[in-house]
Amino acid sequence: MSDVRVALVGACGKMGSLIIRRLLATDGVALSAAFDLVNIGKDVGEVIGAGKLNVLVSDSKDLSSVLKETRTDVLIDFTIAPATAVNAPVAAAAGVNLIIGTTGLTAEQRTNITEAVIKNNVSAVISSNYSIGVGVFFKLIRDAARYLGNDYDVEIIEAHHNQKKDAPSGTAMTAAEIISKEMGGKDFVFGREGLCPRGKEIGIHAVRGGDIVGDHTVMFIGNSERIELRHQAHSREIFVGGAVMAAKWVVSQKKGVVYEMSDVLN
Ligand SMILES: NC(=O)c1ccc[n+]([C@@H]2O[C@H](COP(=O)([O-])OP(=O)(O)OC[C@H]3O[C@@H](n4cnc5c(N)ncnc54)[C@H](O)[C@@H]3O)[C@@H](O)[C@H]2O)c1
């Protein structure tokens, strides 16, 4: 079987460069193209310190033509939400499957991407967190929410590095949505200030500082006890392996469908 041809948008970023290194070390995949706003025209391998790869960084304005010329099967996107909102539908229209790691997409941006996936009969994975451990963490909080029900208050605290652009994290939002669904629907309150008596909401709080890769704590707080479930990422490598796994997986899935990381893990 021939290699799955994978392109990266956001290739020179923290996640993009790690994913390229992992692709190079993974059987069954090949790097087909690289896109970014910076380093255009340079060899992406030299930019990320992996040696010459003969893959130049392209301007994402040329996304459609480069994806077609390079016979790309899958585009992995770790950029920022406004960029993904533009690039993902263009890639889908070029017949390319999608792995989207960018967080902070609005509901409207996500709907537009889903419509493009269906219309162009490609498949996609969109996940706020590609870590395998977080997949298990989501399952644990779903179970806890199911067993504890509405007698317990829920608070979510996330912490990330000081370069992170969006807040709260996509993972915190996914956790809140899982718990809300399990508890029959909850409002979300983002931080608290001034007079703010607690209702039946899920409180969500974002900490930013230093080089924290990503911590998520979900607290189920009752009157005489509390349960805290915590996932701590020690390295971005946990997202990298999952994103590459998803890229290999997505090419053989039913088309016109947007999958989650839980589908890949299952
Ligand atoms: N889903 C996950 O598992 C997961 C894990 C870590 C980070 N993330 C998310 O991935 C995204 C990227 O994170 P990062 O830490 O690598 O950020 P980063 O700032 O290091 O890298 C982003 C890269 O995208 C490029 N970029 C921005 N706009 C672009 C455009 N229009 N076209 C092409 N390239 C463009 C930037 O130049 C930069 O090189 C963020 O949204 C972050 O929250 C997701």
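**View 1. An open sheet of five strands.** In this predicted model, five strands line up in the order β8-β9-β7-β10-β11 to make an open sheet with mixed pairing. If you are new to sheets, it helps to know that their strands pair through backbone hydrogen bonds, in either a parallel or an antiparallel way. Look for β8 (188–190) and β11 (226–233) at the edges, where each strand pairs on one side only. From one strand to its neighbour, the turn averages 15°, with direction ignored.

**View 2. Strands β7 and β10, side by side.** Here we zoom in on β7, residues 153–160, and β10, residues 214–221. The two strands pair in the antiparallel sense, and seven bridges join them. A handy place to start is I157, whose bridge partner in β10 is T217.

**View 3. A helix resting on the sheet.** Helix α7, which covers residues 170–182, packs on the sheet. Follow this helix and you will find that α7 touches β7, β8, β9 (202–208) and β10. The direction of α7 makes about 165° with that of β7.

**View 4. Two domains and the contact between them.** The protein is divided into two parts: domain 1 takes in 4–130 together with 237–265, while domain 2 spans 132–233. Their C-alpha centres are 28 Å apart. Where the domains meet, domain 1 contributes ten residues and domain 2 contributes twelve residues. On the domain 1 side, α8 (237–250) and α9 (261–265) each provide at least two residues. Of the elements there, α9 gives the most, with three residues. What classes of residue make up the side of domain 1 that touches domain 2? That side has four nonpolar and six polar residues, and no charged ones.

**View 5. Around the ligand.** Now for the surroundings of the ligand, a shell of 25 residues. The closest to the ligand are G10, G13, M15, S60 and A83. Two elements, α1 (14–24) and β2 (29–36), give two or more residues to this shell. Which element supplies the largest share of the shell? That is α1, with three residues. Sorted by class, the shell around the ligand holds eleven nonpolar, twelve polar and two charged residues.

Note on methods. Residues numbered from 1 in each chain as written. Predicted model: local features only at pLDDT ≥ 70, side-chain atom pairs only at ≥ 80, totals over all residues. Near = placed C-beta within 6 Å. Helix = DSSP H or I, 4+ residues; strand = E, 2+ residues; numbered from the N terminus. Nonpolar A, V, L, I, M, F, W, Y, C, P; charged D, E, K, R; others polar. Domains from an automatic or database assignment. Contact = placed C-beta atoms within 7 Å. Pairing = 2+ DSSP bridges. Axes fitted to C-alpha atoms, helices over the stretch in contact; angles between N-to-C directions.
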